[in-house]
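Hi everyone, thanks for making time for this. I'd like to walk you through one model and how its chains meet. Please have a look at the screen.

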There are 2 protein chains.
Amino acid sequence: MEKMQGGAKGRNGAAGRAERPLQRDPERTRASILAAATQEFAENGIGGARVDAIAERAGINKRMLYHYFGDKEQLYLAVLEEAYVGIRTAEKSLNLSDLEPEQGIAELAMFTWGYFLEHPEFLSLLGTENLHRARWLRQSTRLKELHSSFIDKLSDLLQRGRKEGLFRPDVDPLNLYLTIAALGYFYLSNQYTLSTIFGRDLMDKSNLDVWKRHIVHVTLASIRG
Amino acid sequence: MEKMQGGAKGRNGAAGRAERPLQRDPERTRASILAAATQEFAENGIGGARVDAIAERAGINKRMLYHYFGDKEQLYLAVLEEAYVGIRTAEKSLNLSDLEPEQGIAELAMFTWGYFLEHPEFLSLLGTENLHRARWLRQSTRLKELHSSFIDKLSDLLQRGRKEGLFRPDVDPLNLYLTIAALGYFYLSNQYTLSTIFGRDLMDKSNLDVWKRHIVHVTLASIRG
DNA sequence: CCACAAAGTAACCGATTAGTTACTGGCTTG
DNA sequence: CAAGCCAGTAACTAATCGGTTACTTTGTGG
């Protein structure tokens, strides 16, 4: 892999222009397959996703897809892994330990909501993975090591709040995180059936804003001592 | 359709026994196709479901499936409609207007949780339907008329609570219902990825009990004035 | 500068899958 | 009791889909 990077630098010696796309570019090909597959799997699930559609979306020959990823299932696994890496990476930008307890919880809730809102494909992939009882997640050694350090940080935050007499003494950090995630996930992933049944456009800007504040309110109300 | 019902009554004239299965029984065949299809669609989504698998599960010839339901998509729609009718029917057994406001909210929360817990196939079908942006739900005239009368009842309950000074004045009934549904739906439908990532068996009896109480607690804490 | 490995293409293949055709057999109705 | 309709069967088909084969092109290291 490192060899490739070295090779890619000295390209296009004639004009020095980086604009002309290389005729052969493994990294770019791999990345565009992954991006196309993410879209396709998110839109259609694993059973509905079409290998030919992914190839077409990526603008590559189907053979390359097998060249880089083995088969459809391994490609799906790569997509899933990348999606989890994405949210765990973004989480790191949150610095809960510097904040007041209540503010920290509010920030965590708003961050989670914001990430879900901006990454519908992540929610969709979670849904697909759960439909299959985490069949691929369970077999991924890479993802099992990746489990969130959130819970530890959250635990500290709760303990600080408890000492200041702000929070109830029996708050479980995992349950708190599940509460935050549940309120965001359900609202967004079920938006289509909910909007249809209740006749209210949940994705309307003002409704989204109300729900964001709602999540913070519910979360804090449930843990205050 | 009405003809069928009339014809089915006078069956088995010879022995009068209802136990011996009829050689030909439209209602039973239709019902077993629907039950088998519910399982298959819930387990595999619409793209992953196999018509042959449904036929085998139902113990019928594939031709019958097309005979009764037209094609795969119409069969899926029938399954979805039946699933919604199921929960709306169960909802009617709840009599919120007879209860104290706080008790009423608690009952609603526990009912919703209990129904989700006992009907995983309903949650799965919701997930599938949302993956496809409510494509079938939106085209179902039957389901659009069925939308929950919960919201109205819930509205009354909230107003009563408000008058007694128990609840905050600005509680939106739909948002309250979404909160209750979100906490139940996310915990159960995402149990596989969550249990894997956080290393805790969410379906353990005691954890289920904790979460049930948690839903009631969170819901009430968020609306108390 | 050329040999070799890796990137890339096009055409193909066997298996699967949704849906059909052509038929049999049993129940009801006149 | 006969006629006709409808439940039910088995075998088939056309199309789709995941995956492969056989081949060409491109870049790079000895």
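Let me start with a question: which residue forms a salt bridge with A:Arg200? The partner is B:Asp172, and the closest N and O atoms of the two are 3.3 Å apart. Before going further, please keep in mind that this is a predicted model.

That pair belongs to a short list, as the count between chain A and chain B is 2 salt bridges. Polar contacts also cross this interface: the rule finds 10 residue pairs, with both residues at pLDDT 80 or more.

So where does chain A touch its partner? Helices 2, 5, 7, 8, 11, 12 and 13 of chain A each give two or more residues to the side that touches chain B. Helix 11 of chain A provides the largest share, with 12 residues. Sorted by class, this side of chain A has 24 nonpolar, 18 polar and 8 charged residues.

Now for the interface as a whole. In total, 50 residues of chain A are in contact with 51 residues of chain B. The area buried between the two chains is about 4400 Å², and carbon and sulfur atoms give 69% of that area.

How are the two copies arranged? A turn of 180° and a shift of 0.0 Å along the axis lay chain A on chain B with an RMSD of 0.0 Å. The copies are therefore related as by a two-fold rotation axis. If you want to find that axis on the screen, look for A:Gly47: of the residues of chain A, this one comes closest, with its C-alpha at 2.4 Å. The copies also meet through the same surface, because 100% of the interface residues of chain A are interface residues in chain B as well.

Let me step away from the interface for a moment. Over all chains, the salt bridge count comes to 20. One that sits inside chain A joins the side chains of A:Asp52 and A:Lys62, at 3.5 Å from N to O. This pair links helix 3 (residues 51-58), which holds A:Asp52, to helix 4 (residues 62-69), which holds A:Lys62, and the two residues are 10 apart.

Finally, a word on confidence. Chain A has a mean pLDDT of 89, and 89% of its residues reach 70 or more. Residues 1-21 of chain A are another matter, with pLDDT below 50. Beyond near neighbours in sequence, that stretch has 10 contacts in the model.

Thanks for listening!

Terms used
Residues are numbered from 1 along each chain as its sequence is written. Chains are lettered from A and ligands numbered from 1 in the order in which they are written. Side-chain values use heavy atoms; hydrogens and water are left out. Contact means heavy atoms within 4.5 Å. Buried area is the accessible area (1.4 Å probe) that two parts lose on being put together, summed over both. A salt bridge is a side-chain nitrogen of Lys or Arg within 4 Å of a carboxyl oxygen of Asp or Glu. A polar contact is a pair of N or O atoms within 3.5 Å; within protein, one must be able to donate a hydrogen and the other to accept it, and residues adjacent in sequence count only if both atoms are side-chain atoms. Helices (H or I, at least four residues) and strands (E, at least two) are DSSP runs, numbered from the N terminus. Ala, Val, Leu, Ile, Met, Phe, Trp, Tyr, Cys and Pro count as nonpolar, Asp, Glu, Lys and Arg as charged, and the others, Gly among them, as polar. pLDDT is the predictor's confidence in each residue, from 0 to 100. Copies are superposed by least squares on the C-alpha atoms of residues with pLDDT of at least 70 in both.
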